[in-house]
Amino acid sequence: MNAIEALNDKNGSNKTSISKYIESKYGDLPAGHTTLLSHHLNRMKQTGELVFLKNNYMKADPNAPPKRGRGRPPKPKVPLPPGVVLTPARPRGRPPKDPNAPITSSKPGTGKPRGRPRKMARPEGGITGNSTLISTGSGRPRGRPPKVKTSPLTEFVPLVIEDDDDDDVMISV
């Protein structure tokens, strides 16, 4: 605040000019001076002691109305009549379980097994009739069948072609 008052610039003082003033007045500055200066200037800006305009800090006008925060303003609180005691507010979220409570199942005796029902076999006598459960070890495995690998020809079969000259010509295929 002293630096801004001493610099007395009509458009305000920027961070570097404030820092140079402090350095000229107090001499050698610690390593974290710029961080500390930024922190304190921001805090003074939030409290309304300083106004930040066009990258410059200036003293707030005492006649200016207080700056409103973002969002909808809170409703005014109605004062309570004397003698009324407030009860503590309930905490948010689900209440904790009682560690001494007996353990009970959530749905006792429904008679239904948990999870997805088993796949039913196609009825042989049409839609009506008794259907039975498909056994887990059916004839085919699930999914796409594996690709059949063709083996290359491993056997050599000689092919003999007779020529007019009675010479045997052997061609391998």
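**Notebook: a predicted model, residue by residue**

I began with F52, which is partly exposed at a relative accessible area of 34%. The scale I used calls a residue buried under 20% relative accessible area, exposed over 50%, and partly exposed in between (1.4 Å probe, protein chains only). I note that this is a predicted model, where local features need pLDDT of at least 70 and side-chain atom pairs count only at pLDDT 80 or more, while totals for chains, interfaces and linings use all residues. Residues are numbered from 1 along each chain as its sequence is written, and side-chain values use heavy atoms, with hydrogens and water left out.

**Entry: the ring of F52**

I looked for aromatic pairs and found one in the structure. F52 and Y57 make up this pair, with 4.7 Å from centre to centre and 50° between the planes, which is a tilted arrangement. The rule takes rings of Phe, Tyr and Trp (its six-membered ring) with centres within 6.5 Å; planes under 30 degrees apart are stacked, over 60 edge-to-face, and the rest tilted. I then checked the cover of the partner: Y57 is buried, at 3% relative accessibility.

What lies over the face of F52? I found K45 there, at 4.7 Å from the ring centre. The test for a charge over a ring asks for NZ of Lys or CZ of Arg within 6 Å of the ring centre and within 35 degrees of the ring normal.

**Entry: the elements**

I counted three helices and four strands in the chain. Read from the N terminus, their order is α-α-α-β-β-β-β. These elements are DSSP runs (helices are H or I with at least four residues, strands are E with at least two), numbered from the N terminus. The chain has 173 residues, and buried residues make up 9% of them.

**Entry: the core**

I listed the largest nonpolar core and got nine residues: A3, I4, I18, I22, L37, L41, M44, L50 and Y57. Two or more of the core residues come from each of α1, α2 and α3 (33-47). The largest share is that of α3, with three residues. Such a core is a set of buried Ala, Val, Leu, Ile, Met, Phe, Trp, Tyr and Cys residues joined through side-chain atoms within 4.5 Å. I copied down one general remark: in soluble globular proteins, nonpolar side chains tend to be buried together. Y57 turns up twice in my notes, as a core member and as a partner of F52 in the aromatic pair.

**Entry: the salt bridge**

How many salt bridges does the structure hold? I found one. E5 and K59 form a salt bridge, and their closest N and O atoms are 3.1 Å apart. E5 is in helix α1 and K59 in strand β2, so the pair ties together parts 54 residues apart in sequence. The cut-off is a side-chain nitrogen of Lys or Arg within 4 Å of a carboxyl oxygen of Asp or Glu. From C-alpha to C-alpha, I noted 8.1 Å between E5 and K59. I also looked up exposure: E5 is partly exposed at 40%, and K59 is partly exposed at 44%.

**Entry: three asparagines**

I checked phi at N8 and found a positive value of about 50°, although N8 is not a glycine. N8 sits in the loop between α1 (2-7) and α2 (15-26), and is exposed at 65% relative accessibility.

N55 also has a positive phi, of about 65°, and is not a glycine. N55 lies in the loop between β1 (50-53) and β2 (56-59). Its relative accessible area is 55%, so N55 counts as exposed.

Is N56 buried or exposed? N56 is buried, at 16% relative accessibility. N56 belongs to strand β2. I noted 7.0 Å between the C-alpha atoms of N56 and N11, which are 45 residues apart along the chain.

**Entry: a surface patch**

I ended with a nonpolar patch on the surface, formed by L80, V84 and L86, with about 310 Å² of accessible area together. Patch residues have over 30% relative accessible area and no salt bridge; like charges are joined within 9 Å, nonpolar side chains (Val, Leu, Ile, Met, Phe, Trp, Tyr) within 5 Å. The areas come from the Shrake-Rupley method with a 1.4 Å probe, and for residues only the protein chains shown count as cover. L86 is in the loop between β2 and β3 (158-162), and is exposed at 67% relative accessible area.
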